[in-house]
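Me: Could you pick one strand here and give me a close look at it and its surroundings? I'd like one connected walk-through, in plain bench talk.

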Amino acid sequence: MTSPIDRAGSRIDHLNIAVPDLAAAVAFYEPVLAAIGITKMLEIPPDATPNQPTAMTGFGLAAVKPYFWLIDGGTVGSNMHVAFTVDSRDDVATFYQAALAAGATSLLAPAVHPEYHTDYYGAFVLDPHGINLEAVCHRPA
């Protein structure tokens with residue numbers, strides 16, 4: 001019997017998402033991401049460095065680093081999608097409920113998506129800026 005594939009890793013170090021209203025985005029993302037263990041870690045004011053003219057807020061694992069950044073004054077691109085890996089199917093449901101409570105619109109309730117693989121369990125919402133967010137667990141039930 002072969003070992004299951006560990007689908008939790010990534011080679012992406014960090015990701016910046018431009019939003020038109022940083023304060024509104026942070027107000028949405030802070031409770032939603034906290035529900036799955038991702039915390040607000042760093043707030044960088046505008047003009048902190050010559051190459052960074054706008055404010056930024058970074059979220060990540062508290063003992064590690066910020067890796068998901070919201071950047072003020074931008075335009076959200078079309079068909080943007082961000083998926084967060086979680087440890088359990090219960091975490092998927094927790095994310096989904098927290099997102100709806102924070103003002104997201106439901107796209108797909110928590111469910112298995114066998115078109116990706118047999119243990120792909122995810123939930124999809126649309127954030128207030130139009131970004132398609134997902135929490136996904138790659139582990140069997």
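**A strand and its surroundings**

Reply: Let's come in from the side: Arg139 makes a salt bridge with Asp87, and the closest N and O atoms are 3.8 Å apart. That pair links distant parts of the chain, with Arg139 in the segment after E8 and Asp87 in the loop between E5 and helix H2 (89-101), 52 residues apart. Keep in mind that this is a predicted model. Arg139 has a relative accessible area of 44%, so it is partly exposed. Asp87 comes out at 53%, which means it is exposed, given that the cut-off is over 50%.

Now step back along the chain into the strand itself. E8 covers residues 132-137, and five of its six residues are buried, so you can think of E8 as mostly covered. What lies alongside E8? On one side there is E5, which pairs with E8 in the parallel sense over five bridges. One spot to find on screen is His81, whose bridge partner in E8 is Asn132. Strand E7 (residues 121-126) also pairs with E8, but in the antiparallel sense and over six bridges. There, Gly122 has Val136 as its bridge partner in E8. E7 and E8 form a hairpin with five residues between them, and Gly130 in that turn has a positive phi of about 95 degrees.

From the E5 side, Phe84 is a good residue to click on. Leaving aside neighbours within four places in sequence, Phe84 is in contact with Leu33, Ile36, Ile38, Phe68, Leu133, Glu134, Ala135 and Val136. Several of those contacts carry E8 numbers, among them Leu133 and Val136. Phe84 is buried, and Phe68 is buried too.

That leads to the rings. The structure holds five aromatic pairs. One of them is Phe28 with Tyr29, an edge-to-face pair at 5.1 Å centre to centre and with 90 degrees between the planes. Both Phe28 and Tyr29 are buried. Phe68 and Phe84 have ring centres 5.2 Å apart and planes at 80 degrees, so this pair is edge-to-face as well, the cut-off being over 60 degrees. Here the link runs between distant parts of the chain: Phe68 sits in strand E4 (residues 65-71) and Phe84 in strand E5 (residues 81-85), 16 residues apart. Ring pairs join Phe28, Tyr29, Phe59, Phe68 and Phe84 into a cluster.

What do these rings belong to? The largest nonpolar core has 31 residues, and the ones touching the most other members are Tyr29, Leu33, Phe59, Phe68, Leu70, Phe84 and Leu133. H1, E4, E5, H2, E7 and E8 each supply at least two residues of this core. H1 gives the most, with seven residues. As background, nonpolar side chains tend to be buried together in soluble globular proteins.

While you have E4 on screen, look at the charged residue where that strand starts. Lys65 and Asp13 meet through their side chains in a salt bridge, at 2.2 Å from N to O. Asp13 lies in the segment before strand E1 (15-18) and Lys65 in strand E4, so this pair ties together parts that are 52 residues apart in sequence. Asp13 has a relative accessible area of 46% and is therefore partly exposed. Lys65 is at 27%, so it counts as partly exposed too.

H1 has a charged link as well. The side chains of Glu30 and Lys40 meet in a salt bridge, at 3.7 Å from N to O. Here Glu30 is in helix H1 (residues 22-34) and Lys40 in strand E2, ten residues apart, so to speak in distant parts of the chain. Glu30 is partly exposed, with a relative accessible area of 34%, and Lys40 is partly exposed at 30%. Glu43 joins in, with Glu30, Lys40 and Glu43 linked in a network of salt bridges. In total, the structure holds four salt bridges.

To pull it back to where we began: E8 has E5 on the parallel side and E7 on the antiparallel one, supplies at least two residues of the core, and is followed by the segment in which Arg139 lies.

Definitions and conventions. Residues numbered from 1 in each chain as written. Predicted model: local features only at pLDDT ≥ 70, side-chain atom pairs only at ≥ 80, totals over all residues. Heavy atoms only, no water. Phe/Tyr/Trp six-rings, centres within 6.5 Å; stacked < 30°, edge-to-face > 60°. Buried < 20%, exposed > 50% of the residue type's maximum accessible area, 1.4 Å probe, protein only. Helix = DSSP H or I, 4+ residues; strand = E, 2+ residues; numbered from the N terminus. Pairing = 2+ DSSP bridges. Core = buried A, V, L, I, M, F, W, Y, C linked by side-chain atoms within 4.5 Å. Contact = heavy atoms within 4.5 Å.
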